[in-house]
Amino acid sequence: MTITTVTLNAAVDVTYTVDRIRTGASHRLATARHRAGGKGVNVARVLTALGRPALVAGLAGGPAGDAVRRDLAASGMAEALTAIAGTTRQTVTVVEEAAGDAAVFLEPGPEVSAAEWRAFTRHFARLLGRSRAVVLSGSLPPGLSEDAYGELVAAARRSDVPVVLDTTGPPLLAALAAGPDLVKPNAAELRETVGAEDVRAGAETLRRAGARSVVVSLGAEGLLAVAPDGVWRARPPERLAGNPTGAGDAAVAALAAGLADRTPWPERLRAAVALSAAAVRAPLAGDFDAPAYRDLLSRTAVTALPAVTAVPTPRPADPAAVPLS
Ligand SMILES: Nc1ncnc2c1ncn2[C@@H]1O[C@H](COP(=O)(O)OP(=O)(O)OP(=O)(O)O)[C@@H](O)[C@H]1O
Ligand SMILES: [Mg+2]
């Protein structure tokens with residue numbers, strides 16, 4: 001049994017490193033790194049490095065799709081990607097060393113036909129039979145309905161396989177009614193999806209719409225988890241410098257492993273924070289610094305917060321409840 005990760009918009013991630021970007025100039029590169037990417041691929045890479053069986057599913061096509069398959073094989077990762085006629089996209093990250101920052105360019109991805117989607121969903125239904133948990137991550141390529149993740153969540157629920165969903169906006173909203181076990185927006189994605197609410201209120205909104213538990217990642221501030229059995233806050237011991245791209249994917253890997261193993265929430269969250277913080281310390285998305293992970297695990301704090309009790313309806317007879325104006 002494995003944890004299956006789904007990447008519908010897989011990519012060849014290309015990383016260029018320059019001193020700084022100069023508009024109007026040519027930039028000669030010492031090296032260019034190419035590797036299989038997409039959020040679900042990053043999650044599977046982290047799980048594989050933890051020594052946990054993981055399987056990469058999703059869509060791949062054209063020469064870039066072949067490159068993704070070859071890279072996964074070279075990394076010792078199992079894949080069951082579904083072939084499509086279109087060409088898998090590239091993403092380009094230009095790391096500016098002088099600024100200690102990066103610019104990321106994301107292609108939209110190939111157009112997926114209705115027949116290709118049907119082939120994928122049939123294949124996914126078969127993969128559920130060998131999955132202890134599934135992870136659905138990232139954007140949807142053109143051609144797919146906004147409800148694509150909703151369909152996959154419903155299929156996983158019918159097969160009793162726990163499902164983690166990491167996406168944002170309309171595809172996230174459309175999937176909530178199907179009842180994902182866990183959704184993991186970051187703070188900006190939560191705002192984009194439910195509007196300007198505070199983090200706790202936003203998480204409660206996603207739960208009312210159908211998510212069983214919500215884990216909001218807050219960058220260097222850690223995580224807030226709202227689950228049926230409690231509310232927790234987990235924080236890394238310090239803000240780390242490095243590459244935060246892919247830290248959320250490392251958090252998702254730990255949360256999916258915890259869901260598959262039914263680990264108690266505080267332990268799950270401690271692992272998610274320590275692993276994601278250790279991912280900041282590794283230069284490429286999908287990698288983490290293993291010694292840093294062990295060190296951070298022992299120093300990550302998890303605190304239980306009071307669950308919200310039902311707000312009593314104010315009685316007009318109560319003077320304290322009378323509006324002031
Ligand atoms: N600078 C940092 N120092 C320590 N820990 C960090 C830092 N940045 C991120 N983390 C850890 O990584 C987790 C996920 O980070 P973040 O909220 O940025 O995810 P994300 O935006 O979904 O990332 P991505 O989608 O690029 O993988 C945080 O909850 C935290 O545990
Ligand atoms: Mg993310």
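## Surroundings of ligand 1

A residue is near a molecule if its C-beta atom, placed from the backbone, lies within 6 Å of it. In this predicted model, 21 residues surround ligand 1, and N186, S217, A247, G248 and S276 come nearest. The shell comprises eleven nonpolar, eight polar and two charged residues; here Ala, Val, Leu, Ile, Met, Phe, Trp, Tyr, Cys and Pro count as nonpolar, Asp, Glu, Lys and Arg as charged, and the others, Gly among them, as polar. At least two residues of the shell come from each of α8 (247–261) and α9 (265–280).

## Overall fold

The protein has ten helices and 14 strands, taken as DSSP runs (helices H or I, at least four residues; strands E, at least two) numbered from the N terminus. The C-alpha atoms fill a box of roughly 75 × 50 × 40 Å along the principal axes.

## Contacts of L275

Two residues are in contact if their C-beta atoms, placed from the backbone, lie within 7 Å. Beyond its neighbours within four places in sequence, L275 is in contact with V46, A250, A251, A253, A254, F288 and Y293.

## Confidence and conventions

The average pLDDT, the predictor's confidence in each residue from 0 to 100, is 93, and 94% of the residues score at least 70. Over residues 318–325 pLDDT stays under 50. Where pLDDT is low, the predicted coordinates should not be read in detail.

Residues are numbered from 1 along each chain as its sequence is written, while chains are lettered from A and ligands numbered from 1 in the order in which they are written. Local features need pLDDT of at least 70 and side-chain atom pairs count only at pLDDT 80 or more, whereas totals for chains, interfaces and linings use all residues.
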